[in-house]
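Good morning, and thank you for joining. I would like to present one structure today, beginning with its overall division and then turning to particular elements.

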Amino acid sequence: MRAWAVTTPAPIDPGSDHDSSDRPGPLQPVDKPIPEPGVGELLVRMRACGVCRTDLHVCEGDLPVHRVGVTPGHEVVGEVVGLGAGAQGYAVGDRVGVAWLHHTDGTCGYCVRGAENLCPNSTYTGWDVDGGYAEFTTVPADFAYHLPGGVDDVTLAPLLCAGIIGYRALMRASLPPGGRLGLYGFGGSAHLAAQIAIAQGARVHVMTRGEQARELALSLGAVSAVDAYDAPPEPLDAAITFAPVGELVPVAMRALDRGGVLSIAGIHLSDIPALNYERELFYEKEIRSVTANTRGDGREFLRLVEEYGITATTHTYPLSRADAALADLKAGRFDGAAVLVPDN
């Protein structure tokens, strides 16, 4: 089958146009055998796969590769085409979602108390096991998602990581009802979290570098949209940093009102500068990290997708141009999310 593999992690050249296919890079096209579903697994034919910033971190080495030649991609909408022994809950022909969390041990203290996102023996799609930048992938049936009807494959794909992680980051921010929320960065995850917050009555302010992204934020109902380092027009009850830029942490902390909470989304962040206690931490302000998600987070978010009519702003690329999609993501050439689809 056609697939992509992370060969030697290195910075991706964002280039000056939308076509990186003629330049060498850490992500290379390869031929791989169609995987065999193991015990309890589903074999899935890829119909759409979101392009996540975590994929970029794996390719560039910000996240050390856990498997040589791994195929990235963990926002997969596909069709079940095979069942491993003992796989339950799905049938051949079902539409299914494959997300970041691939497996947990189910027995450690974290799993037992419902915090499986903290399981020290967890594995991840597109990092520990091959993911969706390929024609086929596999997933344990227990970690797959039933998907809401009435939403097309391309729209659903970014919801399976960007949406779920954005939702968990929003929950971690402890935004009060009708509160004032600041979002730093406005890509695939932020524009989905914004829709949830607005649907629940929040006043959302967006701070991001891209003019296209600011226009998208306002079109979705944000109260304001300014540059990433500008102050919002009112103090914030909560904030989320989606951009993996540590320098934004003190900026966001200064924007918080007393008792405000900053939630840091994403798996990688550059170093945070020294914080000034009086300006940025006093008055019981808090900083909280976000680590992966639980399957419960995913199921609850997908329920809200139907309830609130959440939709993703997407830009499609054929699977054969996955490297171009990552280069464009790095360069900030699109708003919303990129999604890979089969070439034919």
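The domain bounds that I shall use come from an automatic or database domain assignment. On that basis, the protein is divided into two parts: domain 1 covers residues 2-159 together with 313-341, and domain 2 covers residues 163-289. Please keep in mind throughout that this is a predicted model.

Let me take the relation between the two domains. Their C-alpha centres lie 26 Å apart. At the boundary, 20 residues of domain 1 are in contact with 14 residues of domain 2.

What is the area buried between domain 1 and domain 2? The computed value is about 1300 Å², and carbon and sulfur atoms give 59% of that area. As for polar interactions, 5 residue pairs are in polar contact between domain 1 and domain 2, counting pairs with both residues at pLDDT 80 or more. The count of salt bridges between these two domains is 0.

Which elements give two or more residues to the side of domain 1 that touches domain 2? They are α1, residues 53-60, and α10, residues 322-331. The largest share of that side comes from α1, with 3 residues.

I turn now to a group of strands. Strand β13, residues 236-241, runs parallel to strand β14, residues 256-264, and 5 bridges join them. Within this pairing, Ala 238 stands opposite Val 261 of β14. Helix α7, residues 248-255, belongs here too: β13, α7 and β14 make a β-α-β unit, and the unit is right-handed.

Strand β14 has a further partner. It is joined by 4 bridges to strand β15, residues 286-289, and these two strands also run parallel. Here Ser 263 stands opposite Arg 288 of β15.

Finally, the salt bridges. The structure as a whole holds 17 of them. One is formed by the side chains of Glu 116 and Arg 295, at 2.8 Å from N to O. Why does this pair tie together parts that are 179 residues apart in sequence? Glu 116 lies in the loop between α2 (109-112) and β7 (123-124), whereas Arg 295 lies in helix α9 (residues 295-308), so the salt bridge links these separate parts of the chain.

Technical notes
Residues numbered from 1 in each chain as written. Predicted model: local features only at pLDDT ≥ 70, side-chain atom pairs only at ≥ 80, totals over all residues. Heavy atoms only, no water. Pairing = 2+ DSSP bridges. Right-handed = clockwise from strand over helix to strand, strands pointing away. Contact = heavy atoms within 4.5 Å. Buried area = accessible area lost by both parts, 1.4 Å probe. Salt bridge = Lys/Arg side-chain N within 4 Å of Asp/Glu carboxyl O. Polar contact = N/O pair within 3.5 Å; in protein donor to acceptor, adjacent residues only side chain to side chain.
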